[in-house]
Amino acid sequence: MTGTTELAQRWQGALMNNYGTPRIALAKGAGAQVWDADGTQYLDFVGGIAVNALGHAHPAIVDAVSAQIASLGHVSNLYMAEPPVALAERLLQLFGRDGAVFFCNSGAEANEGAFKIGRLTGRRHMVATTGGFHGRTMGALALTGQPGKQDGFTPLPGDVTHVPYGDVEALRAAVTEDTAFVIIEPIQGENGAVTPPAGYLRAAREITRATGTLLVLDEVQTGVGRTGHWFAHQAEEGVDPDVVTLAKALGGGLPLGATVAFGEAAKLLKPGQHGTTFGGNPVACAAGLAVLDTVAADGLLENTRRLGERIAAGIESLKHPLVSHVRGAGLLLGIVLTGPRAPQVQQAAQDAGLLVNAPAPDVIRLMPPLNLTDAEADAFLAALPAVLDTAAADGEAGS
């Protein structure tokens with residue numbers, strides 16, 4: 001097995017530098033545990049950026065993928081196969097609404113699908129939120145409300161107005177009868193698990209319905225149980241979006257995204273107007289079915305709600321001077337720090353055998369698998385005080 005140092009050298013010699021060089025080379029995983037190429041073990045609270053809903057090497061996914069690839073692999077969009085049909089039927093059942101599904105490979109692609117559905121309304125104006133993240137392809141990047149990610153790539157397609165996240169009146173002022181769609185994340189995951197005020201999504205529904213505008217909810221990060229509901233907007237009655245985009249946890253580690261549309265929005269795309277070679281791949285869809293089956297059979301929605309509350313309460317009960325508060329829902333949590341120490345916390349956690357993510361200078365994001373155990377949650381909480389102490393000390397030394 002190649003060690004971390006040697007693999008980093010090979011990475012730098014062969015891959016583009018768009019990510020920089022990652023700090024760790026992971027070699028294997030089991031559940032919420034991973035081991036790097038040098039044999040060091042970590043408790044994984046990143047989960048492949050909220051992708052590994054069932055952790056690493058879950059037997060249900062391994063068995064489903066192995067059986068599918070052994071019988072029928074890729075078929076393209078020229079032929080039907082049962083797994084994508086079954087997964088689409090299952091998703092619509094979980095939404096509890098009539099609609100139609102377009103499968104793709106990622107969240108960015110799912111949002112590109114929503115972008116094109118919006119164009120087919122005949123309107124051109126779009127509304128998104130500051131701080132929002134919808135992907136890095138050109139259409140999705142135009143919707144992303146993080147200017148730093150757009151630098152170097154303007155002009156971007158479309159007439160997009162960004163409004164402050166969670167501000168109902170700003171949204172109301174921006175949406176007109178020329179607006180094709182409004183796109184919102186129920187929780188801004190990439191922005192550090194930022195949560196809007198209660199009632200925000202329902203207000204967005206009322207505003208968009210009044211102008212005949214589509215409401216698109218980007219549930220790429222919050223969907224498939226991440227917040228303790230199958231889809232985060234289901235925590236609030238009366239939202240009923242026109243389009244929901246999914247990815248990340250849907251494939252349990254395989255590349256799988258979906259644009260799910262309801263009502264008239266589900267009828268806008270016609271043959272030849274959109275497509276993808278790999279979307280709806282039977283192997284990825286078999287993994288998706290295994291994820292949904294396991295989340296339901298193992299009671300992981302309840303586990304996610306319970307452990308999310310336990311972790312959030314445990315962190316806040318520390319009353320550590322480096323912690324301001326915890327936000328988010330379920331197992332998508334943001335530890336908001338009292339200062340810009342997130343990189344130090346991330347490094348101290350790694351040194352202590354914990355993988356966490358620092359999406360902003362003052363936020364640590366937690367996205368462990370939905371089948372996290374009580375013992376693993378407690379191990380994280382037990383290790384966190386020393387991690388925060390080390391980060392605080394490193395910050396003081398560097399200031």
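**A colleague's note on the predicted model**

1. Let us start with one pair of side chains: those of His125 and Thr179 are joined by a polar contact of 2.8 Å. Please keep in mind while reading that this is a predicted model. His125 sits in strand S5, which covers residues 125-129. With a relative accessibility of 11%, His125 counts as buried, because the cut-off for buried is under 20%.

2. Who else surrounds His125? Setting aside neighbours within four places in sequence, His125 is in contact with Asp159, Thr161, Ala174, Asp178, Thr179, Ala180 and Phe181. Thr179, the polar partner from the opening point, thus appears in this list too.

3. Next, a record to look at. The UniProt annotation "binding site", from an unreviewed entry, covers Gly107, Ala108, Phe133, Asp218, Glu219, Val220, Gln221 and Thr277. These positions span 171 residues in sequence, and the farthest two C-alpha atoms are 24.9 Å apart, so they do not all gather at one spot. It may help to colour these positions in your viewer before reading the next two points.

4. Gly107, one of the positions in the UniProt annotation, lies in helix H5 (residues 107-119). Gly107 is buried, at a relative accessible area of 12%. Beyond its neighbours within four places in sequence, Gly107 is in contact with His134, Val220 and Ala247. Val220 is itself among the annotated positions.

5. Asp218 is another annotated position, and its place is in strand S8. Is Asp218 buried or exposed? Its relative accessible area is 3%, so Asp218 is buried. Leaving out neighbours within four places in sequence, the contacts of Asp218 are Asn111, Phe133, His134, Ile183, Ile184, Glu185, Pro186 and Thr245. With Asn111, the side chain of Asp218 also makes a polar contact of 3.0 Å. Phe133, which is in the contact list of Asp218, belongs to the UniProt annotation as well.

6. Now to the charged pairs. How many salt bridges does the structure hold? The count is 10. Among them is the pair Arg205 and Asp242, whose closest N and O atoms are 3.0 Å apart. Arg205 lies in helix H9 (residues 200-211), while Asp242 is in the loop between strand S8 (214-218) and strand S9 (243-246), so this pair ties together parts that are 37 residues apart in sequence. Both partners count as buried: Arg205 has a relative accessibility of 4%, and Asp242 has 16%.

7. Two further salt bridges each stay within one helix. The side chains of Glu169 and Arg172 meet at 3.2 Å, N to O; both residues belong to helix H8 (residues 168-174) and are three residues apart, about one turn of the helix. Arg172 counts as partly exposed, at 44% relative accessibility. In the other case, Arg305 and Glu302 form a salt bridge of 3.3 Å, N to O. Here the helix is H11 (residues 300-317), and the two residues are again three apart, about one turn. Arg305 is partly exposed with a relative accessible area of 30%, and Glu302 is partly exposed as well, at 42%.

8. There is also a linked group worth finding in the viewer: Arg306, Arg310, Asp374 and Asp378 are connected in a network of salt bridges.

9. Finally, a sheet. In which order do the four strands of the open sheet run? The order is S11-S12-S15-S14, with antiparallel pairing. Strand S11 (323-329) and strand S14 (357-360) stand at the edges with a single partner strand each, so one side of each has no neighbour in the sheet. From one strand to the next, the twist averages 30°. Inside the sheet, strand S12 (residues 332-337) pairs with strand S15 (residues 363-366) in the antiparallel sense over four bridges. One bridge partner to look up is Arg365 in S15, which pairs with Gly334.

10. Which strands does H11 touch? H11, the helix that holds Arg305 and Glu302, packs on the sheet against S11, S12 and S15, and its direction makes about 170° with that of S11. Helix H12 (residues 342-351) lies across S12, S14 and S15, and runs at about 170° to S14.

Technical notes
Residues numbered from 1 in each chain as written. Predicted model: local features only at pLDDT ≥ 70, side-chain atom pairs only at ≥ 80, totals over all residues. Heavy atoms only, no water. Salt bridge = Lys/Arg side-chain N within 4 Å of Asp/Glu carboxyl O. Buried < 20%, exposed > 50% of the residue type's maximum accessible area, 1.4 Å probe, protein only. Polar contact = N/O pair within 3.5 Å; in protein donor to acceptor, adjacent residues only side chain to side chain. Contact = heavy atoms within 4.5 Å. UniProt positions renumbered as here; feature names shortened; annotations may be inferred. Pairing = 2+ DSSP bridges. Axes fitted to C-alpha atoms, helices over the stretch in contact; angles between N-to-C directions.
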